[in-house]
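Grab a pencil and open the viewer. Below are a few exercises, each with a solution you can follow step by step.

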Amino acid sequence: MIGIIMGSISDWDTMKHACDLLDQLEISYEKEVISAHRTPDDMFAYAESARDRGLKVIIAGAGGAAHLPGMIASKTTLPVIGVPVQSKLDGIDSLLSIVQMPSGVPVATVAIGKAGAQNAGLLSAQILGTWDKDVAQKLERYKRELTEKVGEMREQLATK
Ligand SMILES: Nc1c(C(=O)O)ncn1[C@@H]1O[C@H](COP(=O)(O)O)[C@@H](O)[C@H]1O
């Protein structure tokens, strides 16, 4: 249902958090290394075939000159979520490369690094949840768990 792609295997430490989130929700996904710069033909083939292969959302992570999410978005009408990966410039270059898309070609951009990748996984599930009741129920459960964790934090704080 979800395609998770990254510009390099060096992005895995970040992108695995999107995978972990989807594993937690038991939502199927595929993962692949694809680079707009290093494998442009593969990138276009991936974007052009994504809908016919049954994907509903694409999560694309890249660092530095992070053109992958935007270029994928240029070739598909599926929603694309961009994850800025940490870089030598603290990921600011990745963030700006992904978020500053021209009008007409949106990429839903999340925060830099692990939290961003987790949110990308969650956001992709929420998109599925707009029509998939099973996924929507899992998301309700996830939210309840978040609330419970805050309850635990309050108990912890009371002991400080
Ligand atoms: N930004 C891109 C693209 C792309 O946008 O097509 N392809 C690779 N990269 C990024 O280059 C960084 C360094 O990659 P290496 O570690 O392989 O040298 C990675 O963060 C990757 O996402």
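**Exercise 1. Find out how strand 1 and strand 3 are joined, and how many bridges do the job.**

Step 1: Look at strand 1 (residues 2–6) and strand 3 (residues 57–63); they run parallel, and five bridges join them. Helices (H or I, at least four residues) and strands (E, at least two) are DSSP runs, numbered from the N terminus. Two strands pair if DSSP finds at least two bridges between them.

Step 2: Check who faces whom. Ile-2 stands opposite Val-57 in strand 3, and Ile-4 stands opposite Ile-59.

A word on what you're looking at: this is a predicted model, where local features need pLDDT of at least 70 and side-chain atom pairs count only at pLDDT 80 or more, while totals for chains, interfaces and linings use all residues. Residues are numbered from 1 along each chain as its sequence is written.

**Exercise 2. Work out the order of the strands in the sheet, and name the edge strands.**

Step 1: Go on from strand 3 to strand 4 (80–85). Six bridges join strand 3 to strand 4, and these run parallel too. Ile-59 has Ile-81 as its bridge partner in strand 4, and Gly-63 stands opposite Val-85.

Step 2: Now follow the chain between them: it leaves strand 3, passes through helix 3 (residues 68–74) and arrives at strand 4, a β-α-β crossover that is right-handed. Right-handed means that, with the strands pointing away from the viewer, the path from the first strand over the helix to the second runs clockwise.

Step 3: Strand 4 pairs with strand 5 in the parallel sense over two bridges. Here Ala-108 in strand 5 is the bridge partner of Ile-81. The chain gets from strand 4 to strand 5 through helix 4, and this β-α-β crossover is right-handed.

Step 4: Put it together. Five strands make an open sheet with parallel pairing, in the order 2-1-3-4-5. Strand 2 (29–33) and strand 5 (108–109) are the edge strands, each pairing on one side only.

**Exercise 3. Decide whether the residues of strand 3 and strand 4 are buried or exposed.**

Step 1: Get the cut-offs straight. A residue is buried if 20 or more other C-beta atoms lie within 10 Å of its own, exposed if 12 or fewer, and partly exposed in between, with C-beta atoms placed from the backbone.

Step 2: Count. In strand 3, seven of its seven residues are buried; in strand 4, six of six.

Step 3: Sort by side. In a regular strand the side chains alternate between the two faces of the sheet. Strand 3 has Val-57, Ile-59, Gly-61 and Gly-63 on one side and Ile-58, Ala-60 and Ala-62 on the other. In strand 4, Val-80, Gly-82 and Pro-84 point one way, while Ile-81, Val-83 and Val-85 point the other way.

**Exercise 4. Describe the loop residues Glu-26 and Asp-90: where do they sit, and are they buried or exposed?**

Step 1: Place them. Glu-26 is in the loop between helix 1 and strand 2, and Asp-90 is in the loop between strand 4 and helix 4.

Step 2: Check the backbone. Glu-26 isn't a glycine, yet its phi is positive, at about 55 degrees. Asp-90 isn't a glycine either, and its phi is positive at about 65 degrees.

Step 3: Count neighbours. Glu-26 counts as exposed because it has 9 C-beta neighbours inside 10 Å. Asp-90 is exposed as well, with 11 other C-beta atoms within 10 Å.

**Exercise 5. Explain why Leu-122 gets the label it does, buried or exposed.**

Step 1: Find Leu-122 in helix 5 (residues 114–128).

Step 2: Count again. Leu-122 has 21 other C-beta atoms within 10 Å, so this residue is buried.

Step 3: For a sense of distance, pick Gln-100, which is 22 residues away from Leu-122 along the chain; their C-alpha atoms are separated by 22 Å.

Definitions and conventions. Contact = placed C-beta atoms within 7 Å. Axes fitted to C-alpha atoms, helices over the stretch in contact; angles between N-to-C directions.
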